[in-house]
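Colleague: Can we go through this one? I have a few short questions.

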Amino acid sequence: MKFASLIVALLMITACHRAAPSPAAVTRPRPSLYEMEIGKQTFQTYCAGCHGDTGAGDGFNSFNLDPHPRDLSDPSFQKTKSNADLEDAIRRGGAGVGLSSLMPPWGRTLDARHVDAVVLYIRSLRRGPSR
Ligand code: HEC
């Protein structure tokens, strides 16, 4: 009998460990780390020279630019722009969207996937409210 209750106790312990995943964990899409990495590489290759590694507008070339690139990581800037706005500026360049022509157009350099990925990456550069 003691042995039987031991078995029951063991079964209960294993049952606890097999708790069903919460519905949120099942349905929420995982962030695409692969696309994010493509965006990061693209940003570092084509954009960071002016916009800076963190998007703060302090790339090595920024001293040379008038106006300086704005701080893309600023949460209040991020709030005012949709992804479509950012894509548009990236594809058509500053001259295409009424900003400085020092922002080059990337529509012939980057394909749709890379533009999407770089926008995803810019979103990840958004600073938290505390900083
Ligand atoms: C030669 C320097 C330079 C490079 C390289 C460059 N930018 Fe810019 N970018 C600028 C300048 C200057 C502006 C206009 C000033 C500003 O930030 O509003 C600008 C503006 C922007 C804006 C619009 C900001 C707004 O006010 O709406 C976005 C988005 C942007 N750049 C993204 C990128 C991305 C992504 C890349 C790389 C694919 C890139 N830039 C490469 C200089 C550069």
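Colleague: Which helix gives the most to the shell around the ligand?
Modeller: Helix 3 does, with five residues. This is a predicted model, where local features need pLDDT of at least 70, side-chain atom pairs count only at pLDDT 80 or more, and totals for chains, interfaces and linings use all residues. Residues are numbered from 1 along each chain as its sequence is written. Helices (H or I, at least four residues) are DSSP runs, numbered from the N terminus.

Colleague: Which residues come nearest to the ligand?
Modeller: Cys47, Cys50, Arg70, Leu102 and Met103, out of 22 around the ligand. A residue counts as near if its C-beta atom, placed from the backbone, lies within 6 Å of the molecule.

Colleague: How does the shell divide into nonpolar, polar and charged?
Modeller: It has 15 nonpolar, five polar and two charged residues. Ala, Val, Leu, Ile, Met, Phe, Trp, Tyr, Cys and Pro count as nonpolar, Asp, Glu, Lys and Arg as charged, and the others, Gly among them, as polar.

Colleague: New topic. Which residues of helix 5 meet helix 6?
Modeller: Asn83, Leu86, Glu87, Ile90 and Arg91 in helix 5 meet Val115, Val118, Val119 and Ile122 in helix 6. Contact requires C-beta atoms, placed from the backbone, within 7 Å. By class, this contact of helix 5 with helix 6 has six nonpolar, one polar and two charged residues.

Colleague: And Tyr34, buried or exposed?
Modeller: Tyr34 is exposed, because 9 other C-beta atoms lie within 10 Å. Exposed is 12 or fewer, buried is 20 or more, and partly exposed is in between, with C-beta atoms placed from the backbone. Tyr34 is in helix 3.

Conventions
Helix = DSSP H or I, 4+ residues; strand = E, 2+ residues; numbered from the N terminus. Contact = placed C-beta atoms within 7 Å.
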